[in-house]
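Trainee: I should like a close look at a single part of this model. Please begin with one residue and its helix, and then work outwards to the surroundings.

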Amino acid sequence: MKSLVEAYRALSDVYLKGSWIGEAVKRYPALLSDKGAYRLVYSVVEREFLSEYRIARLTEKPPKGAVKLLLKMGMALLDEFSVPDHAAVNAVAETAKKVGKGGVCGFVNAVLRRYAKEGKELYPTDPDELLSVKSNRPLWLVKRYEKELGAAAETRLTEKPTVKTHLRPAVAFGKDALRQALKDKNVTFEETEYGFYVGEVGAVSDLLSEGKATVMSYGSAEVCENVPYAGGKILDLCAAPGGKSVLLAEKHKAEVVACDLYEHRVELIEKYAARMRVGTVKPTVWDGTRLREEWKQSFQTVLADVPCSGFGSLASNPDVVLNRTESDLAAIVKTQKQLLAAAAEYVAPGGALVYATCSDLPSEDEDVVNWFLKTREEFSLEKQQYTDPALGGGECYYFAVLRKR
Ligand SMILES: C[S@@+](CC[C@H](N)C(=O)[O-])C[C@H]1O[C@@H](n2cnc3c(N)ncnc32)[C@H](O)[C@@H]1O
């Protein structure tokens with residue numbers, strides 16, 4: 001593994017600067033050609049709560065910042081990679097020197113040696129804390145799942161998904177052509193209802209840049225499949241980076257008004273629609289919680305794919321649990337309710353409102369929809385569904401189709 005320094009830098013972007021892991025790894029091109037180092041970055045994040053627990057048990061005063069990060073890297077190397085213990089410890093010490101942390105080498109060395117000898121079997125005895133380290137979620141969230149899902153919580157939390165990349169064909173290119181292109185390239189794939197899981201995205205980069213295919217999670221494709229369409233323009237109230245807007249525009253040859261709160265994210269919609277050669281997406285900067293008079297009752301189809309915790313997408317974004325607190329969740333739910341209530345105003349009589357999240361926590365899903373239905377008797381629930389994680393690459397999204405009288 002050559003790129004340990006880059007792995008350290010990507011991780012410090014995640015832990016110390018608040019970057020998303022997917023963005024952090026892209027910043028260090030060496031990681032993209034060093035599978036081991038790339039895997040190490042994800043592995044450290046996927047073992048966050050276990051490492052925190054063990055560091056607390058193995059040190060009198062747990063270190064902070066860079067030192068803690070070096071320990072987490074070392075522990076992941078010792079546990080998850082076929083590297084002899086002494087080589088793993090030395091590699092981390094060398095990395096510490098190269099990133100200007102030579103002064104802590106002795107400490108890091110000593111803790112990792114102790115870890116290799118007596119730390120690998122350390123687990124909490126309290127059942128909730130044990131579930132927290134096994135499921136890589138904070139304790140408050142484990143308790144929340146237990147409260148909301150009851151007996152089903154443990155299975156949901158301990159499912160170990162295999163991370164897979166899901167591709168969908170551009171509608172004009174088609175699934176048969178994409179299957180053939182994957183075969184021609186000797187790419188291993190697994191077919192799904194909406195596209196293909198592929199092992200190696202690098203091998204299909206030309207298909208992506210030519211707009212013949214795109215990376216889209218199974219769960220997102222499933223939401224789009226269930227968005228009713230009966231003509232006219234579609235309103236996508238929370239649209240960036242544009243995945244669903246573009247697919248809906250392609251599929252229905254419809255104009256999609258694609259809003260997002262942030263200008264920089266609206267630019268992502270623009271770029272994505274251009275890459276997919278779709279000209280009917282209209283990117284719009286707009287705060288979806290505010291009412292816009294001229295849109296009232298004007299759309300037969302409105303999508304509210306609201307901001308959420310992302311807890312259902314942990315398989316590909318393990319970092320979403322790193323800094324979330326219970327009060328963040330309360331604030332997210334409040335915004336979700338505001339967005340759903342505003343979206344409802346734009347639905348024409350007889351039209352459909354689709355509420356969607358990439359969370360599997362009922363308080364962001366069914367509970368929001370039930371709250372809505374209690375306050376808006378002109379809407380009824382036509383369908384609601386969670387993605388089956390076995391089909392969704394370990395991910396579990398939610399959508400509800402609400403019909404307006
Ligand atoms: C789950 S993402 C949408 C994903 C998108 N539908 C797709 O498929 O590519 C939620 C989006 O809501 C946006 N957002 C957050 N608050 C908003 C608001 N008040 N009004 C409009 N968009 C908002 C976020 O910037 C984020 O891009």
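Mentor: Glu-267 belongs to helix 16, in what is a predicted model. Glu-267 counts as partly exposed because 15 other C-beta atoms lie within 10 Å, a number that falls between the limit of 12 or fewer for an exposed residue and that of 20 or more for a buried one. Along the chain, 112 residues separate Glu-267 from Phe-379, and the two C-alpha atoms are 33 Å apart in space.

The helix that carries Glu-267 spans residues 263-275 and lies across strand 6 (256-260) and strand 7. Relative to strand 7, helix 16 runs at about 170°. Strands 6 and 7 in turn belong to an open sheet of seven strands, ordered 7-6-5-8-9-11-10 and with mixed pairing. Strand 7 (281-285) and strand 10 (379-386) each have a single partner strand, so these two form the edges and one side of each has no neighbour in the sheet. From one strand to the next, the twist averages 15°. In general, the strands of a sheet pair through backbone hydrogen bonds, in either a parallel or an antiparallel manner. Within this sheet, strand 8 (residues 299-305) and strand 9 run parallel and are joined by six bridges. Leu-303 has Val-354 of strand 9 opposite it.

Strand 9 (347-357) also takes part in the packing of helix 14, whose buried residues lie against strand 1 (165-169), helix 15 (243-252), strand 9 and strand 11 (398-404). Helix 14 (residues 218-225) is mostly covered, with seven of its eight residues buried. Among these buried residues are Tyr-218, Glu-222 and Cys-224.

Strand 6 leads to the ligand as well. The ligand is surrounded by 19 residues, of which Cys-238, Gly-243, Leu-261, Gly-288 and Asp-305 are the closest. Helix 15 and strand 6 are the elements that give two or more residues to this shell. By character, the shell around the ligand consists of nine nonpolar, five polar and five charged residues.

The two loops that flank helix 15 have backbone features worth noting. Before helix 15, in the loop that follows strand 5 (234-236), lies Pro-241. The peptide bond from Ala-240 to Pro-241 is cis, with omega near 5°. Lys-253 is found in the loop between helix 15 and strand 6, and has a positive phi of about 50° although it is not a glycine. Most residues other than glycine have a negative phi, and most peptide bonds are trans. Lys-253 is classed as exposed because 9 other C-beta atoms lie within 10 Å.

A further residue for comparison is Thr-335, which is placed in helix 17 (residues 326-345). Thr-335 is partly exposed, with 16 other C-beta atoms within 10 Å. Leaving aside residues up to four places away in sequence, Thr-335 touches Thr-289 and Pro-307. Thr-335 and Thr-289 are 46 residues apart along the chain, and 7.7 Å separate their C-alpha atoms.

As to the wider chain, the domain assignment gives domain 1 (4-119), domain 2 (127-158), domain 3 (162-215) and domain 4 (218-404).

Note on methods. Residues numbered from 1 in each chain as written. Predicted model: local features only at pLDDT ≥ 70, side-chain atom pairs only at ≥ 80, totals over all residues. Helix = DSSP H or I, 4+ residues; strand = E, 2+ residues; numbered from the N terminus. Contact = placed C-beta atoms within 7 Å. Pairing = 2+ DSSP bridges. Axes fitted to C-alpha atoms, helices over the stretch in contact; angles between N-to-C directions. Domains from an automatic or database assignment. Near = placed C-beta within 6 Å. Nonpolar A, V, L, I, M, F, W, Y, C, P; charged D, E, K, R; others polar.
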